[in-house]
Amino acid sequence: MEIRARAPGKIILAGEHAVVHGSAAVAAAIDLYTQSSLHLPPSGEGGAGEVEVDLTDSGLAFSWPCSRLLEALGETSRKAELQAPRPCSPEELAAIARLVELHEIPEAKIWLSAGLSAFLYLYTSILGCRPGKVVVSSGLPMGAGLGSSAAFSVSLSGALLTAAGVVSAEGAVGGTEWQLLGKDHLELVNTWAFQGEKIIHGKPSGIDNAVSTFGSMIKFKKGELTNLKSGNPVKMLITDTRVGRNTKALVAGVSERASRHPDAMASVFHAVNTISEELSSIVELAATDEIAMTSKEEKLAELMEMNQGLLQCMGVSHASIETVLRSTLKYNLVSKLTGAGGGGCVLTLIPTLLSKLVLEKVTTELESHGFRCFKVEVGGQGLQIHQG
Ligand SMILES: Nc1ncnc2c1ncn2[C@@H]1O[C@H](COP(=O)(O)OP(=O)(O)O)[C@@H](O)[C@H]1O
Ligand SMILES: C[C@@](O)(CCOP(=O)(O)O)CC(=O)O
Ligand SMILES: [Mg+2]
């Protein structure tokens, strides 16, 4: 049996970091995906064979004998828990970390260990210690702010829960081999993926896994999700500064600053909340044609600029991000970091009336700094399944 699941990355238009502290944020799915293909041998029995994962993007593959997993973790998959995952306990996480350490991961790719821990947790909790192989491949840059960790957790959870028979695909995605899940099944995948994100991020807000699961453009606040109907999707240029960084460390850094300056940071988070609320109402107004396109874009640009200033207050900007801001401002274009910052990707709002020539000039200038620019479609499908 082969089950494939693909889940999109995301951009955050407003509210990253502040969303971890209870503010609203606005995010949208993009058309870059992580795909997990799960192969299960016909008669998988606990205790025999191996669990394998092939991480094609990093060129590394790992495997564990099922007997070893059983010995270290016990029989982890319990029917009742499939409908309501329990968080990974510190003891279980330590046992998983020891299983990951059985493999020598090259120092330059040590960041993979968090993803491997999330993999082992999701696999053994959902399918138990039965043999199987998962091949993961992604069009998303890893650790760059486009939500690769969430797309990884969502696609894995989608494939594993489908194999366990607790979720099933229903409607086809027009003209493709992919199928969608119903709302309740998506909710369940999202809950599992959140557990995976917790292992990778430490303290995620849940926005990345939610937008990767449900797709579209959403407002997210304290775990509550509102679908934003945006008539004419915004156009964004993404610049990957190629400066590597780690979301877990950046999120922890903002929390430390918040504990050093609780009142000042509460005001920053409050301001971000207001920006996200305003941004989401502009997106929705635009869908009803109650606001002209140019006026919408001017307002969005101003709000993004204000949000970037507040992200600088939180200490998550970076010299490379500032270079992108300066370069795009020369052409009167507004940019802000997206995701955790500290390097990674920057969004630049592309107004509808911007000439092709100007866009080419900006892109050339950004690429002359060694950055990589690309355009994405915003607000598309979330998790999709293919069973064959
Ligand atoms: N395709 C993948 N293969 C292996 N690990 C992945 C993959 N995608 C994401 N990960 C895991 O997620 C981590 C990146 O997550 P994070 O720091 O949150 O950045 P982002 O989510 O912005 O890409 C990687 O270090 C790795 O552990
Ligand atoms: C910084 C944060 O708001 C978004 C992180 O996104 P990413 O992992 O950098 O793609 C953290 C979170 O909301 O969990
Ligand atoms: Mg992430």
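## Exercises on two ligand shells and two helices

The shell around ligand 1 takes at least three residues from each of domain 1 (2–227 + 380–387) and domain 2 (230–376), the bounds coming from an automatic or database domain assignment. This is a predicted model, in which local features need pLDDT of at least 70, side-chain atom pairs count only at pLDDT 80 or more, and totals for chains, interfaces and linings use all residues. Residues are numbered from 1 along each chain as its sequence is written, while chains are lettered from A and ligands numbered from 1 in the order in which they are written.

**Exercise 1.** Describe the shell around ligand 1 by residue, element and class.

*Solution.* Step 1: a residue is near a molecule if its C-beta atom, placed from the backbone, lies within 6 Å of it. Ligand 1 is surrounded by 23 residues, the closest being Trp111, Gly115, Ser148, Ser149 and Thr247. Step 2: two or more residues come from each of α4 (112–127), β5 (132–138), α5 and α6 (183–201); helices (H or I, at least four residues) and strands (E, at least two) are DSSP runs, numbered from the N terminus. Step 3: the shell around ligand 1 has ten nonpolar, twelve polar and one charged residues. Here Ala, Val, Leu, Ile, Met, Phe, Trp, Tyr, Cys and Pro count as nonpolar, Asp, Glu, Lys and Arg as charged, and the others, Gly among them, as polar.

**Exercise 2.** Locate ligand 2 with respect to the domains.

*Solution.* Step 1: 17 residues surround ligand 2, and Glu16, Pro204, Ser205, Gly339 and Ala340 come nearest. Step 2: at least two residues are supplied by each of α7 (207–214) and α8 (247–260). Step 3: because domain 1 and domain 2 both give residues to this shell, ligand 2 lies between them.

**Exercise 3.** Compare the expected span of α5 with its end-to-end distance, and assess its burial.

*Solution.* Step 1: the expected span is 1.5 Å times one less than the number of residues. For the 16 residues of α5 (residues 148–163) this gives 22 Å, in agreement with end C-alpha atoms 22 Å apart. Step 2: a residue is buried if 20 or more other C-beta atoms lie within 10 Å of its own, exposed if 12 or fewer, and partly exposed in between, with C-beta atoms placed from the backbone. In α5, 16 of the 16 residues are buried, so the helix is largely enclosed by the rest of the structure. Step 3: just after α5, glycine 165 has a positive phi of about 80°.
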